[in-house]
Amino acid sequence: MARWGKCDFKELKNLEQRLEQLDKANLDSFCRQMANDIAGRLLSKVVKRTVPGQIPPYATEEAKTKYWSGYTGGNLRDNWSVLPIEKKGNDYIVTVINNAQYASYVEYGHRQTPGRFVPALGLRLKQSWVPGRYMLTISTQELEQQAPKLIEQKLYQFLRPVFENS
């Protein structure tokens, strides 16, 4: 039988004790804080990407005076919000919503009837499909690429005291 030599396990015992000090409450608190940080970043991105309401430049002058006088902008940009973080199993769920009734039409696009007269524009519709702006979709994709690096940095700061030589 081979002799492996001597080994001092004191440092491993110290590491084990420090790891035990990280209880589940601290870990849950860290995960919720991280989820809130990601939600805030997503909300910031989607609000910046949302087009503010404006009077259509192609609206006729008559339509502008009749329908658009006093118009200050839509409420799509102002209605973005984040619901409280949910935990389901091991997953933390971030939900970003927009309460404007027309938000899904702007996000994903919508059909319209070509040839229909729209008094607010003073024009007839020409296209049968209006493409979406994908404000939330693009912001989510951007953040999904950035999230692993953000989480890694925060996790390093969270675990640093445990692995430092003390």
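Select Trp80. Beyond its sequence neighbours up to four places away, Trp80 touches Leu43, Val46, Val47, Thr50, Val96, Ile97, Asn98, Met135 and Leu136. Keep in mind throughout that this is a predicted model.

**The main core**

Leave Trp80 on screen and add Leu136. These two have the most contacts inside the largest nonpolar core, which has 15 residues. Now colour helix H2 (24-49) and helix H5 (135-163). They are the elements that give two or more residues to this core.

Next, look for a second core, apart from that one. It has five residues, including Ala59, Trp68, Val118 and Leu121. Keep Trp68 in mind for a later stop.

**Thr50**

Go back to the contacts of Trp80 and pick Thr50. Thr50 sits in the loop between H2 and helix H3 (61-67). Is Thr50 buried or exposed? Its relative accessibility is 1%, so Thr50 counts as buried; the cut-off for buried is under 20%.

Show the side chain of Thr50. One of its polar atoms lies 2.7 Å from the backbone oxygen of Val46. Then display the contacts of Thr50, setting aside neighbours within four places in sequence. You should find Leu76, Arg77, Trp80 and Met135.

**Helix H1**

Move to residues 10-21, which make up helix H1. Place a distance between the C-alpha atoms at the two ends: they are 17 Å apart. At 1.5 Å a residue, the 12 residues should span 16 Å, so the two values agree. Now turn on the surface. H1 is hardly covered, with one buried residue among its 12.

**The aromatic pairs**

How many aromatic pairs does a search of the whole structure find? It finds three. Two of them are on this tour.

Select Trp68 and Tyr71. This pair is edge-to-face, with 5.1 Å centre to centre and 90 degrees between the planes. The partners differ in cover. Trp68 counts as buried because its relative accessibility is 16%. Tyr71, at 33%, counts as partly exposed.

Now select Tyr108 and Tyr134. They also form an edge-to-face pair, at 6.4 Å centre to centre and 70 degrees between the planes. Which parts of the chain does this pair link? Tyr108 is in helix H4 (residues 103-108), and Tyr134 is in the loop between strand E8 (129-131) and H5. The two are 26 residues apart, so the pair links distant parts of the chain.

Finish with the surface around this pair. Tyr108 is partly exposed, with a relative accessible area of 47%. Tyr134 is partly exposed too, at 35%.

Terms used
Residues are numbered from 1 along each chain as its sequence is written. This is a predicted model: local features need pLDDT of at least 70, side-chain atom pairs count only at pLDDT 80 or more; totals for chains, interfaces and linings use all residues. Side-chain values use heavy atoms; hydrogens and water are left out. A nonpolar core is a set of buried Ala, Val, Leu, Ile, Met, Phe, Trp, Tyr and Cys residues joined through side-chain atoms within 4.5 Å. Buried means under 20% relative accessible area, exposed over 50%, partly exposed in between (1.4 Å probe, protein chains only). Helices (H or I, at least four residues) and strands (E, at least two) are DSSP runs, numbered from the N terminus. Contact means heavy atoms within 4.5 Å. A polar contact is a pair of N or O atoms within 3.5 Å; within protein, one must be able to donate a hydrogen and the other to accept it, and residues adjacent in sequence count only if both atoms are side-chain atoms. The expected span of a helix is 1.5 Å times one less than its number of residues. Rings of Phe, Tyr and Trp (its six-membered ring) pair if their centres lie within 6.5 Å; planes under 30 degrees apart count as stacked, over 60 as edge-to-face and the rest as tilted.
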